[in-house]
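Good morning, colleagues. Please take a moment with the sequence and the model before I begin.

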Amino acid sequence: YTVWPEYGRGYGRGLYYWGLARELLPSAWRWFSACVASSFNGGPRQALTLGQAAIRRVDRALRCRDVVHIELAKPDSRDAAGEALFYLDSLLVALSGAFDAVASVAHITYELPGQLRWASWRNRGWLKQLGHADDNLAARIASATDGWDSLELVSTLRNCLHGEALDLVTVSGGYGEGRTLVTVPDAEAAKVRSIVQRHPPADLFGIENISSGLALKPEILCEAIVPWAVSTLDGLMVATDVTRLPGSQPRRSGQGRRPMNARASLACLK
């Protein structure tokens, strides 16, 4: 992964995608720094691991996005399309996991009642509790907002893993040509159509209506869903008042545990 060609400088895959995720989540610098400081200054250790998990899952989604494009740049074949579908499934799982990790950090930050596993932006009861603690954060992902729609599109397509799966269909073109699309099960197709209709046109999402139902072009869907979801995640991070995490703010000299120094901060990122 060449970064500065004039100096022959490059990154390995891991550092490249981690850096890319950090670049696309500018609010994560403040958000994750508070998670790290809290964990090193007497706060819950989970704040660090969950914060790191959110960024790492965006990292993985970006890797999957690239592989989808690589596979679909090959000569059209069911094999290449099948591999692209595998990585599209993985991309949706990674983005869903990132949303869950950010919700878990919010649960810890605001010391919400109930078990941590209940933390989910799609859990109406949990979101109501969050609204009592921070209505601005809860409003960012309220029903019918852009944030909610981005989460719903990711979740709806991801949920195909639990039932009828996303599948492949070859659509014939002229002169014996064909192209392979991904079909969406009928149970999820109505919700996908409803979301896309609020953010037209449908072709920006790679959505097509074919004789058997709803289909999509994975490479186009990736270019719509990844930036949208990542932008929503960044907005949730910036709206989370992580100063409320215990130990996230520097203490006065002589009070409590010593603040984490720069070396310790760097070590936890390795």
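How many bridges join strand E5 to strand E6, and do these strands run parallel or antiparallel? The model before you is predicted, and in it 4 bridges join E5, residues 207-210, to E6, residues 213-216, with the two strands running antiparallel. The connection between E5 and E6 is a hairpin of 2 residues. Within this pairing, isoleucine 210 is placed opposite glycine 213 of E6.

I turn now to the largest pocket. Its volume is about 210 Å³, and 14 residues line it. Nearest its centre lie Leu72, Asp76, Arg179, Thr180 and Glu219. Which elements supply at least two residues each to this lining? They are helix H3 (45-72), helix H4 (78-109), strand E4 (178-184) and helix H9 (218-239). Of the contributors, E4 gives the most, with 3 residues. In character, the lining of the largest pocket divides into 6 nonpolar, 2 polar and 6 charged residues.

Finally, the cysteines. The structure holds 0 disulfides. Why does cysteine 222 form no such bond with its closest cysteine partner? The closest cysteine sulfur to that of cysteine 222 belongs to cysteine 64 and is 8.7 Å away, which is too far for a bond; a disulfide would require the two sulfur atoms to be within 2.5 Å.

Is cysteine 222 buried or exposed? Cysteine 222 counts as buried because its relative accessibility is 1%, the cut-off for buried being under 20%. Cysteine 160, at 2% relative accessibility, likewise counts as buried.

How values were computed:
Residues numbered from 1 in each chain as written. Predicted model: local features only at pLDDT ≥ 70, side-chain atom pairs only at ≥ 80, totals over all residues. Heavy atoms only, no water. Pairing = 2+ DSSP bridges. 1 Å grid on protein atoms, 1.4 Å probe; cavity = no way out; pocket = protein on both sides within 12 Å on 5 of 7 lines; lining within 4 Å. Points joined across faces, edges and corners; volume = space filled by probe spheres on them. Nonpolar A, V, L, I, M, F, W, Y, C, P; charged D, E, K, R; others polar. Buried < 20%, exposed > 50% of the residue type's maximum accessible area, 1.4 Å probe, protein only.
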